[in-house]
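Let's take a walk through this model together, starting with its middle and working out to its loops. Keep the viewer open as you read.

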Amino acid sequence: MNLEELVKNAGFRAGYLLPVPQYEEWTRRRASGAFAPQTSWIEGDAVAAYPWANGLLLLIWPYAPYAPDAGLSGYYPASHQSYQAMRALREALAAEGVRTERAAVPVKTILVDWGLGARLDNDLIFLPGLGTRFVIQALMVSLPDDKLKFTPQRAPFQACVHCGRCQNACPGGAISSRGYDWQRCLRAYEEGPDMPPWVMERMTTLLGCEVCQDACPLNHFIRPRPMTDEEKAAFDLERLLSGDLKPALSLIGKNMKKGGKLIAQAAVLAANQKRTDLLPLLEAQAQKADGPLKETLLWAITKLLQA
Ligand code: SF4
Ligand code: SF4
């Protein structure tokens, strides 16, 4: 078995094989509220969580963002593709008798500690040659001893030039001389249909904010790509608000439907783009919705009626 070859065949740019991580300090910091709630599923102590594993495989999947006027983050479509690639890789490893499991570990901290990446002022990780435009998939693995060749640790490096462009561009004020504050980052509130009004007011893209990444000179070598006709049709706001989510979900994964997240984001974007033509669809959605989704739809309707 050639692990490197299997990783490449699955479509990943790189696969870093690292020792099973243990991060007590990270776990303590999370308990003190240092990280966004989305980190709640992560295991700080992978030795205890995956006692059968002898390695962690970090898989890197680069992507190009969409052109800025697309109104769609490129991250989730890439994440879905990389998830499918990871499944194919797991099957290939299983055929070689290697046990694997999707790993919930603090990947950003691990990449920095292992000297493979550098943390930027916007709290994102920079990888040489890829900027911050990549998805990481993580697998715990149990490899035969003769295949357990860890990626060499490197000296941590500095990549951020502290130019302040991300700070000036950030719509939430999450980046300052005091560091990155997840409580002011739009991304931290876009996991469900209930977003605070200040977040909704500032949303310009579906599926996440990429403003600081667009502004960062460390990403400027990555050319944005136009949306394909299939992507344009799938993420058309009229289609999403009419409830036809299937084409979009086939590109980003079914669990993005959870709790009406996609409809909620489409509603907010419709309001921010002053799409008064979509009011009837928003009203129809609001009539059948309840809870936080209904609140978000009503916010969008009110904003459009005042436009
Ligand atoms: S925009 Fe400038 S300050 Fe912000 S992360 Fe990039 S290099 Fe660092
Ligand atoms: S993702 Fe958006 S809100 Fe969060 S730090 Fe970057 S620019 Fe600011």
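Two residues count as being in contact here if their C-beta atoms, placed from the backbone, lie within 7 Å. With that in hand, try leucine 58: leaving out residues up to four places away in sequence, leucine 58 touches Tyr16, Leu18, Val107, Ile110, Leu111, Ile136 and Ala138. Bear in mind throughout that this is a predicted model.

Leucine 58 is a good way in, as it is among the residues with the most contacts inside the largest nonpolar core, alongside Leu241, Ala266, Ala267 and Ala270. That core has 84 residues, and helix 12 supplies the largest share of them, nine residues. Where does the core sit relative to the domains? Domain 1 (3-147) and domain 2 (172-208 + 228-306) both give residues to the core, so it lies between them. As a general point, nonpolar side chains tend to be buried together in soluble globular proteins.

Now for the domains themselves. The assignment splits the chain into domain 1 (3-147) and domain 2, which is made of two stretches, 172-208 and 228-306. Their C-alpha centres are 27 Å apart. Across the boundary, 14 residues of domain 1 are in contact with 16 residues of domain 2. On the domain 1 side, the touching residues are seven nonpolar, five polar and two charged.

Helix 12 deserves a stop of its own. It runs over residues 261-272, and at 1.5 Å a residue its twelve residues should span 16 Å; the end C-alpha atoms are 17 Å apart, which agrees. How many of its residues are buried? Eleven of the twelve are, so to speak, under cover: Lys261, Leu262, Ile263, Ala264, Gln265, Ala266, Ala267, Val268, Leu269, Ala270 and Ala271. The cover over these buried residues includes helix 7, helix 10 (237-241), helix 11 (246-252), helix 13 (279-288) and helix 14 (291-306). After helix 12 comes lysine 274, with a positive phi near 55 degrees.

Lysine 274 has company when it comes to phi. Histidine 162 has a positive phi of about 50 degrees, although it is not a glycine, and leucine 207 has one near 70 degrees. Both sit in loops: histidine 162 between strand 6 (134-142) and helix 6 (165-169), leucine 207 between helix 7 (197-202) and helix 8 (211-215). Buried or exposed? Histidine 162 counts as exposed because it has 11 C-beta neighbours inside 10 Å, while leucine 207 has 22 and counts as buried.

On to the ligands. Ligand 1 is surrounded by 14 residues, and the closest are Leu120, Cys160, Cys163, Cys166 and Cys216. By class, the shell around ligand 1 has nine nonpolar, three polar and two charged residues. Around ligand 2 you'll find Asn122, Cys170, Pro171, Gly172, Ala174, Ile175, Cys185, Leu186, Arg187, Cys209, Val211 and Cys212. That shell divides into nine nonpolar, two polar and one charged.

Cys160, one of the closest residues to ligand 1, also turns up in the surroundings of alanine 118. Alanine 118 belongs to strand 4 (residues 118-119) and, leaving out residues up to four places away in sequence, touches Val112, Phe126, Pro156, Phe157, Gln158, Ala159 and Cys160. It is partly exposed, with 18 other C-beta atoms within 10 Å. Tryptophan 299 is 181 residues from alanine 118 in sequence, and their C-alpha atoms are 39 Å apart.

Two more loop residues round off the walk. Arginine 178 lies between strand 7 (175-176) and strand 8 (179-180) and is exposed, with 6 other C-beta atoms within 10 Å. Aspartate 121 is 57 residues away from arginine 178 along the chain, yet their C-alpha atoms are separated by 9.8 Å. Valine 98, in the loop between helix 4 (75-95) and strand 3 (99-102), counts as buried because it has 20 C-beta neighbours inside 10 Å. Neighbours within four places in sequence aside, valine 98 is in contact with Leu93, Val141, Ser142 and Leu143. Proline 128 is 30 residues from valine 98 along the chain, and their C-alpha atoms are separated by 30 Å.

Technical notes: Residues are numbered from 1 along each chain as its sequence is written. Chains are lettered from A and ligands numbered from 1 in the order in which they are written. This is a predicted model: local features need pLDDT of at least 70, side-chain atom pairs count only at pLDDT 80 or more; totals for chains, interfaces and linings use all residues. A residue is near a molecule or strand if its C-beta atom, placed from the backbone, lies within 6 Å of it. Ala, Val, Leu, Ile, Met, Phe, Trp, Tyr, Cys and Pro count as nonpolar, Asp, Glu, Lys and Arg as charged, and the others, Gly among them, as polar. Helices (H or I, at least four residues) and strands (E, at least two) are DSSP runs, numbered from the N terminus. The expected span of a helix is 1.5 Å times one less than its number of residues. A nonpolar core is a set of buried Ala, Val, Leu, Ile, Met, Phe, Trp, Tyr and Cys residues joined through C-beta atoms within 7 Å. Domain bounds come from an automatic or database domain assignment.
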